[in-house]
Amino acid sequence: MRRLYSIGIYIAHFVIGLLSLFNSKLKLGVDGRKETFQKLRNSIKPNDKTFWFHCASLGEYEQGLPVFEALKAKYTDYKIVLSFFSPSGYEIRKNTKVADVVVYLPLDTKTNAKRFLDIVNPDYIIFVKYEIWPNFLSEIKRRDLNTILISAVFRTHQSFFKWYGDFMRSSLFAFNHIFTQDKNSKELLKSIRYDNVSVSGDTRFDRVSNQLNINNTVNFIEDFKNNKTCIVLGSTWPEDDKLYIDYINENSAQDLKFVIAPHNIKPNYIQSLKSQLKIKTLCFSEMNNKTLSEAKVFILDTIGYLSKVYSYADIAYVGGAAGNTGLHNILEPAVFGIPILIGKNHEKFPEAKKLIELNGVTSVTNISEFETAINTLVSNKEIREQQGKINKLFIEKNKGAVIQILDYIRI
């Protein structure tokens, strides 16, 4: 099975190379991986003590960041190698201060695994959430390297827990310890006789809690809001747009402000979105401080501000669940104690399920439900505050995963 897998990786490498000629995102990954080994050789010397942190993409990076930052602060004489699989993580965080060198993870071949580990020679390895690469993990296990998986989530449909999953299942045993987000994941691991497992919870709770310890002032949003009720629509996709655009247009007379932070900030998409809005709208890219307070809609066509902008929201809508792209991080607005709306496809997100049960988050399936939920929150400050308190308390009760993980790590 391992040989078939390795052959499949080489075939995938060839196919991705061809497709990259026509896909700019794939090309970023293909070109970036060509530079990985040279970048590592330029940054890591044979006698360096190193941590290796690996994330699939941006979401996993944000999840692991509080652990990465804590280790960087504690072990100041260690160099940190951070790898990504996806361009959406690498391209945004390639200059992060948490790492000494940021690279693309090479494709999962035996040769690449040996070359990578020969250069990095990590004293400790931390993978985040879903990252299971059999050839890398096999080589890690052969070298008996200290390796943990954090914020892991497992489900019954995954191959690890099927009769045919022995190959992938064996990869899990390369980890010295696995920290899961929930008890169900722990029990699934126990069912395959993996016993070095702890339920630490989700490190994202620690990540978003840290947001309260920094200055969240965004002057242009403060000017735009102008003390009005503000609805922030974060990480939205076209399917989300269909829910809220009519509401914005039909409620232009109300004393409301709307901040839209689309997931896609390419100019053609932003222009299309703006053209659908029939009230005064400004974009970050065309910002004029003199007219900010007069606008009703502000489109955040840039990155890096959303987590702070949520602090100005009276109500938040978090995108991704209206379609099938995946719900974005609802914990970011929750930490500020505000009510949250999301779309209908949230089954794979336990924090969403729990907060819906607690009545801090409302799931809407269509335009009518969106309008009803928003109108209730806009017109009733008491309900807004009640739901917001539920969300804030949920964050406070669930943080602490970082402490458990750091307590385990011994170097």
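In this predicted model, L233 stands opposite I260 in strand 9, where strands are DSSP runs of E with at least two residues and helices are runs of H or I with at least four, numbered from the N terminus. The bridge partner of I260 in strand 11 is I299. Residues are numbered from 1 along each chain as its sequence is written, and side-chain values use heavy atoms, with hydrogens and water left out. Local features need pLDDT of at least 70 and side-chain atom pairs count only at pLDDT 80 or more, while totals for chains, interfaces and linings use all residues.

Strand 8 (residues 229-236) and strand 9 run parallel, joined by seven bridges; two strands pair if DSSP finds at least two bridges between them. Here T236 stands opposite P262. Between these two strands the chain passes through helix 12 (residues 238-250), making a right-handed β-α-β crossover: with the strands pointing away from the viewer, the path from the first strand over the helix to the second runs clockwise. Strand 11 (residues 297-299) also pairs with strand 9 in the parallel sense, over three bridges.

What about the surroundings of strand 9? Seven of the seven residues of strand 9 (residues 256-262) are buried (under 20% relative accessible area with a 1.4 Å probe, protein chains only), so this strand is largely enclosed by the rest of the structure. L256, F258, I260 and P262 point one way, and K257, V259 and A261 the other way.

Stepping back, the seven strands of an open sheet follow the order 10-11-9-8-12-13-14, with parallel pairing. Strand 10 (281-283) and strand 14 (361-363) stand at the edges with a single partner strand each, so one side of each is left without a neighbour in the sheet.

Technical notes: Buried < 20%, exposed > 50% of the residue type's maximum accessible area, 1.4 Å probe, protein only.
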